[in-house]
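Visitor: I'd like a close look at the empty space in this one, pockets and cavities alike. Take me through it slowly, please, and tell me what lines each.

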Amino acid sequence: MNVLVVDDEEVLRDVLTSLLRREGHTVREAATAAQAIRVFDEEPFDVILLDLMLPDRHGLEVLRDLRRRDPTAVVVVITAYSSIEGAIAAMKEGAFHYIPKPFQNEEVVLTVRKGGEQRLLAEENRRLREELSRRRGLDRIVGKSAPMQKIFELIRLASPSKSTILIEGESGTGKELVAKAIHHLSPRAHAPFVTVNSGSMPPDLLESNLFGHVRGAFTGAIAHKKGLFEVADGGTLFFDEIGTISMETQAKLLRVIQEREFMRVGSTETQRADVRIVAATNVDLKTLVVDGRFREDLYYRLCVIQIAVPALRDRREDIPLLAEHFLRLYAAENGKSVRGIEPEALKALYSYGWPGNVRELENAVERAVVLSAGDAVGMDLLPEALLDPEEQTSRISIPEGGLSYREAVENFERRLVTAALRRSGGVQKKAAELLKTRPTTLHEIIKRLGLSTRDAGAQNGDLTEEAAAAKEG
Ligand SMILES: Nc1ncnc2c1ncn2[C@@H]1O[C@H](COP(=O)(O)OP(=O)(O)OP(=O)(O)O)[C@@H](O)[C@H]1O
Ligand SMILES: [Mg+2]
């Protein structure tokens, strides 16, 4: 083991050093507090023997310093009988043990041995924690497509630094997952990962949430409150939907990023912020900048490193992999025996457009698993939208300028009838049965909508006269 002996009395140092060397340890010595810190910084030590009475500083302060540099440092304090309070204080500061002077050689040897074991254990724990962290990082992101490989590479490269990162991608592509992976692979993994839901808060509330506030800062501020910058100290602050924050808050955020400091709401005292900022957006920030709704300077500060997570439809190779992943996950969670997906269903999953990306796929698979009774997911368990390509456009979305209710309903009717006609090969009577309506009613609808059976995709004849007439009209 590597042992550091800190004592100002040369005779004592010599005794301890030769004793420990005889036990097979490697020993280095320090006579003062300053020297101790210097040597400690040069190489890793398993155990530190520390005299509390040092000429330049009190040993307790040295202990505190050492433990701050390395929270798992095993420090054994050596103290005179008369200063037993010192020993107690040292234990409170995280010393491993104390040995009263004059000491028995045997006691020193045994304590150092035990301290070394403790150190090994702590090291092992740290290693396990790191491994877990790594697993919580990349291993949770499923994907083998080329675009995802690139994302993994970017995550690995970007994690160790403190650079600000901007993650772009449509809703449900996995931006939050990427942000968490970056955190867990970074040296900040042991500190908190804190999410700021920028979109869901009025500006005032967002600011007091971010920066905290002092008592009396505003009505209702009855006590000091820590802000998220303080909560995330030493860790990562994840700004979800960064594009939605107000210009005012943007200015304050810019200041924190530039100066690394901020003020609590209602206070003039500056606070230091040691956080890494990761931001995500599903709108194009550049466009917001052009529109004057997002500060250009903040934009450039944020996108020091840019990660663009591709839409699921642009990496279809990942669909089967993701589907299997969610299948296993939800089967286990729901105690279901489903093991696989039927080829036809897999094909439908593969060719669908997934406007809601991975989240939509996850939901579809979860639903199928919950509804399943057998051991494979078939077409019947997949959402309607996957069955008919026509339906893929039927997701409800209201454009900025609004829409006509009547037209929207008519559009839906048109798709519905078209799909039914297609299914029935253009035979209206069959289509009416599918829609659980009378042929005359369906006929009227077809007429009203001005549908032709060509719209319905009928390939061959088998049309009623009326449909043929509608086709002409
Ligand atoms: N590559 C992936 N592997 C496994 N699960 C994924 C993957 N991508 C996304 N998911 C899952 O899909 C869901 C949505 O992901 P996430 O919340 O990270 O998306 P997002 O991009 O932040 O979406 P939004 O913009 O709507 O907030 C989560 O349940 C996440 O676990
Ligand atoms: Mg998100």
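Guide: Let's settle the words first: on a 1 Å grid over the protein atoms alone, a pocket is an open set of points with protein on both sides within 12 Å along at least five of seven lines, a cavity is a set where a 1.4 Å probe fits but cannot get out, and lining residues have an atom within 4 Å of a point. Points are joined across faces, edges and corners, and a volume is the space filled by probe spheres set on them. Keep in mind that this is a predicted model, where local features need pLDDT of at least 70 and side-chain atom pairs count only at pLDDT 80 or more, while totals for chains, interfaces and linings use all residues. Residues are numbered from 1 along each chain as its sequence is written, chains are lettered from A and ligands numbered from 1 in written order, and side-chain values use heavy atoms, leaving out hydrogens and water.

Now the largest pocket, at about 650 Å³. It has 28 lining residues, and Gly172, Gly174, Lys175, Leu177 and Arg359 sit closest to its centre. Helix H7 (175-184), strand S11 (276-281), helix H13 (318-334) and helix H15 (357-371) are the elements that give two or more residues to this lining; these are DSSP runs numbered from the N terminus, with helices being H or I of at least four residues and strands E of at least two. H7 chips in the most, with 5 residues. By class, the pocket lining splits into 10 nonpolar, 9 polar and 9 charged, where Ala, Val, Leu, Ile, Met, Phe, Trp, Tyr, Cys and Pro count as nonpolar, Asp, Glu, Lys and Arg as charged, and the others, Gly among them, as polar.

On to the closed spaces: the whole structure has 2 cavities of 30 Å³ or more. The largest cavity holds about 40 Å³, and its lining is Leu327, Ile341, Leu349, Val365, Ala368, Val369, Val377 and Leu382. That makes 8 nonpolar residues, with no polar and no charged ones. H15 supplies the largest share, 3 residues.

The second largest cavity has about 30 Å³ of space. Around it you'll find Arg136, Gly137, Arg140, Ile141, Leu177, Lys180 and Ala181, with helix H5 (105-137) and H7 each giving two or more. H7 has the largest share here, 3 residues. This lining is a mix: 3 nonpolar, 1 polar and 3 charged. Look at Leu177 while you're there, listed around this cavity and among those closest to the pocket's centre.
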